[in-house]
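Welcome, and please open the structure in your viewer. We will go from one selection to the next and see what is there.

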Amino acid sequence: RGCWSPGPVRGRLRLMASPLGSTACPAGQDSWRSWRGREIGRLFASPDGCGLPQFALTAERNFSGASLGQLRDWNMLSKGLARANISSLDHHQRIASVLERLDDGDPEVLAAGVEE
């Protein structure tokens, strides 16, 4: 949490600071935050990840690792998920838990996003 991450601005990338003001990323945090839609979709579908295959396509089309990380850092994850039509509180909690495990470097969850 609290590192500089890319944010989309009219097709270009810009750096956005976290609300915590830190620019240093803990080891391993960059890896999942650099994932694109396809990896996020696999993470949502995988039983080792979120276990929500019904939202894999939605996640692939609407989120990247950077966008999910920013939403979480700014305490807006539930709002972002709701805007993508993922509205169940249970699903929000499950996704938040997986993102926490990714930040902690859980190898099973990291593998869920990269395995085909």
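Start by selecting helix H7, residues 107-114. In this predicted model, Val109, Ala112 and Gly113 of H7 are buried. Turn the view until you look down the axis of H7: the buried residues fall within an arc of 90 degrees, so they line one face of the helix. An α-helix has 3.6 residues a turn, so residues three or four places apart point the same way.

Now colour Pro107 and Glu108. These two are exposed, on the face of H7 turned away from its buried side.

Next, add Asp106 to your selection. What does Asp106 do at the N-terminal end of H7? Asp106 caps that end, with a side-chain oxygen 3.0 Å from the backbone nitrogen of Glu108.

Which helices should you show around H7? Its buried residues pack against helix H2 (37-45) and helix H6 (89-103), so let us visit both, beginning with H6.

Show H6 beside H7. The two helices pack at an angle of about 105 degrees, and their axes are 8 Å apart. That angle makes H6 roughly perpendicular to H7. To see where they meet, select Val98, Arg101 and Leu102 on the H6 side, then Glu108, Val109 and Leu110 on the H7 side. Val109 is one of the buried residues of H7, while Glu108 is the residue whose backbone nitrogen lies 3.0 Å from the Asp106 side chain.

Stay in H6 and pick His91. Is His91 buried or exposed? His91 has a relative accessible area of 16%; because under 20% counts as buried, His91 is buried. Leaving aside residues up to four places away in sequence, His91 touches Leu52, Gln54, Phe55 and Ile86.

Move on to H2. Here Gly37, Ile40, Gly41, Arg42, Leu43 and Phe44 are buried. Display the partners of these residues too: they pack against helix H3 (56-62), helix H4 (65-73) and helix H5 (77-83), as well as H6 and H7.

Finally, zoom out to the whole chain. You should find seven helices and two strands, in the order β-β-α-α-α-α-α-α-α along the sequence. Of the 116 residues, 40% count as buried. Switch on the surface: the accessible area comes to about 6700 Å², and 51% of that belongs to carbon and sulfur atoms. Among contacts between residues at least 6 apart in sequence, 55% join residues at least 24 apart.

Conventions: Residues are numbered from 1 along each chain as its sequence is written. This is a predicted model: local features need pLDDT of at least 70, side-chain atom pairs count only at pLDDT 80 or more; totals for chains, interfaces and linings use all residues. Side-chain values use heavy atoms; hydrogens and water are left out. Buried means under 20% relative accessible area, exposed over 50%, partly exposed in between (1.4 Å probe, protein chains only). Helices (H or I, at least four residues) and strands (E, at least two) are DSSP runs, numbered from the N terminus. The arc is that of the directions from the helix axis to the C-beta atoms. Contact means heavy atoms within 4.5 Å. A polar contact is a pair of N or O atoms within 3.5 Å; within protein, one must be able to donate a hydrogen and the other to accept it, and residues adjacent in sequence count only if both atoms are side-chain atoms. Accessible areas come from the Shrake-Rupley method with a 1.4 Å probe; for residues, only the protein chains shown count as cover. Axes are lines fitted to C-alpha atoms, for helices over the stretch in contact, and angles run from 0 to 180 degrees between N-to-C directions. Angles under 35 degrees count as roughly parallel, over 145 as roughly antiparallel, 65 to 115 as roughly perpendicular and the rest as oblique.
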